[in-house]
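Dear colleague,

I am handing over the structure we spoke about, and below it you will find my notes on what was found. Please read them with the structure open beside you.

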Amino acid sequence: MSDKLPSSQSLKRIVSSGWVNFRRNSFMSFGATGVMALALLVFSGLIVLNFFTSQVVTFLDEKVDVSVYFQNDAKEDQILEIKSDLEEFGNVRTVNYISQDQALEDFKNRHRNDQLIQDSIVELDSNPLQASLNVKAVDPSQYASIAQFLEGNALKTVIDKISFYENELAINRIRGISNTFSRGGLGVTLLLAMVAVLVTFNTIRLTIYNKREEIEIMKLVGATNWHIRGPFLVEGGFYGLFASLLTLAVFYPSTYFISNKLLGFAPDINLFNHYLGNIGQMFFIVIGAGLLIGVFSSFIAIRKHLKV
Amino acid sequence: MALDGVDLEIQDGEFVSLVGPSGAGKSTLIKMLIKEDRPTSGKVVLDDIDLADLPDKEIPFLRRKIGTIFQDFRLLESKNALENVAFALEVAGADDEEIIKDVDQVLAIVGLADKKKNFPKELSGGEKQRLAIARALVHRPKIILADEPTGNLDMVNSFDVVKLLWRINELGTTVILATHDDKIVNTVGKRVISMEKGKIVRDQLKDGKYII
């Protein structure tokens, strides 16, 4: 005879006893579940943030190109000469010429629903837009050399500005902001997880205290350690489970809401669809984290306060 | 020191009354038999097993071989009579059919067959103690340890409880009854061990009397 793992019948009793602990303790359960859900929610937010940043950065990386804007007095053949120079340069994939007229046409098209802008354009005497060359590189890291090549070109004087540096700045800034948020979010997650562990620990400790008589009797009638400890571990697990379900119940509607807002300026990134597609993985991660926090808290409460 | 130089052997099937004033060490002796207390020196041997050698995880199985009864009954107020007894089997991992059968049987033995659904607060003191005895019996123990089982009971109920213990003993279970109730001890007779200040002062093997 040894302290073997409980049979399925015993397991059923342990789980139902843990469930009763969870239910009877409703007020405390509410607190423990709430704090844990908050921790899990910030954690989910962190996952979303990381995903979103990586998407934005990839998206911007693809969008990176060098736009060369020309002075208004630049002649078309000068521009076309630069274009053919660029096309001979090794790293260039495509070069697209946008004339002043074309630029104006594009601008009008883009704002065709805005009467104010349309009216203003009509008022203008001359075309205020610049002609430009749009350069895409074979490899995104090669833009610096393309810019350098242009700087050294004989017709450099007709070039007004090269807009590559600004894009890079934007990408770096997004990365920077995202890193700061990630780090902050991780800190908050850890802090909240710690609070959740403490609150759950305390709740379980209270259950142990309330049940000291029953525990005493269990020992007296020869209950195995599993039978005495099991219900408290299960109780902790239930806090984790309900906190995760609560988190997911808040998470999906929020993602749906945020996703709709984000579609406005990042139409290629649909957060809600992404997490709907990965619903299994998301459930696994959140419920797994919840159970881990719950059972861990319970475990330390038992270690400290339940002598068997 | 609660016990001092106690040298005692109890045979299978004996009915032993352990008597003496409070603080004599009766409860300590009983706690040592279920390894709730451990001797600082000396040995407690039960069924040829030195309890000091018994690993902690085996303690639950030791306690299933020994039924214990206390002055304060130690029943769960939130469970009815049936559930209180069933509880002892549930936490030992018995299956449901077995539990129903065994619980009915022991409740009949202690005369509570018609009070299955009653909660402890609906039972008299004597009934509570009989329920506690039923719970102690349900593991079919080889030994029943009763620590002042009549301490909270009036004369009539006390005798009921003792008669029940007597019957259990006649069915072959060893009974160790710790008490300071002289009338009970004198009625039972049998072996009486008198203790005082942690020492055994008298061991009457037959027709023992409570002598102060």
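Before anything else, please keep in mind that this is a predicted model. I begin with a helix and the sheet it lies on, because that part is a good place to learn the layout of chain A, and helix H3 of chain A, residues 76–88, lies across the strands E1, E2 and E3 of that chain, running at about 170° to E2(A).

The sheet itself is open and has four strands in chain A, arranged in the order E2-E3-E1-E4 with antiparallel pairing. Its edges are formed by strand E2 (92–98) and strand E4 (159–162) of chain A, each of which pairs on one side only. On average, and with direction ignored, neighbouring strands in this sheet are turned by 20° against each other.

If you would like to follow the pairing residue by residue, strand E3 of chain A (residues 132–137) is a helpful guide. It is joined by four bridges to strand E1 of chain A (residues 66–70), and the two run antiparallel. Along this pair, Val68(A) stands opposite Leu133(A), while Tyr69(A) has Ser132(A) as its bridge partner. Six bridges join E3(A) to E2(A), again in an antiparallel manner, and here Val95(A) has Val135(A) as its bridge partner.

Next comes the meeting of the two chains, where 16 residues of chain B are in contact with 18 residues of chain A. On the side of chain B that touches chain A, helix H2 (59–65) and helix H3 (81–90) of chain B each supply at least two residues, and the largest share, four residues, comes from H2(B). By character, the residues on this side of chain B divide into six nonpolar, three polar and seven charged.

Two residues of chain B deserve a careful look at their backbone. Most residues other than glycine have a negative phi. Phe73(B), however, has a positive phi of about 65° although it is not a glycine, and this residue is found in the loop between strand E4 (66–70) and H3 of chain B. Is Phe73(B) buried or exposed? Phe73(B) counts as buried, because it has 20 C-beta neighbours inside 10 Å. Lys197(B) is not a glycine either, and has a positive phi of about 50°; its place is in the loop between strand E7 (191–196) and strand E8 (199–204) of chain B. With 14 other C-beta atoms within 10 Å, Lys197(B) is partly exposed.

Last, there is the interior. In soluble globular proteins, nonpolar side chains tend to be buried together. The largest nonpolar core here has 66 residues, and those that touch the most other members are Leu18(B), Val85(B), Ala134(B), Ile144(B), Ala146(B), Leu165(B) and Ile176(B). H3(B) gives the most to this core, with seven residues. Taking Ala146(B) as an example, and leaving aside its neighbours within four places in sequence, you will find it in contact with Ile69(B), Leu165(B), Val175(B), Ile176(B), Leu177(B) and Ala178(B). Another core, of 36 residues, lies apart from the largest one, and among its members are Phe43(A), Leu192(A), Leu248(A) and Tyr275(A).

With best wishes

Methods
Residues numbered from 1 in each chain as written. Chains lettered and ligands numbered in written order. Predicted model: local features only at pLDDT ≥ 70, side-chain atom pairs only at ≥ 80, totals over all residues. Pairing = 2+ DSSP bridges. Axes fitted to C-alpha atoms, helices over the stretch in contact; angles between N-to-C directions. Contact = placed C-beta atoms within 7 Å. Nonpolar A, V, L, I, M, F, W, Y, C, P; charged D, E, K, R; others polar. Buried ≥ 20, exposed ≤ 12 C-beta atoms within 10 Å, placed from the backbone. Core = buried A, V, L, I, M, F, W, Y, C linked by C-beta atoms within 7 Å.
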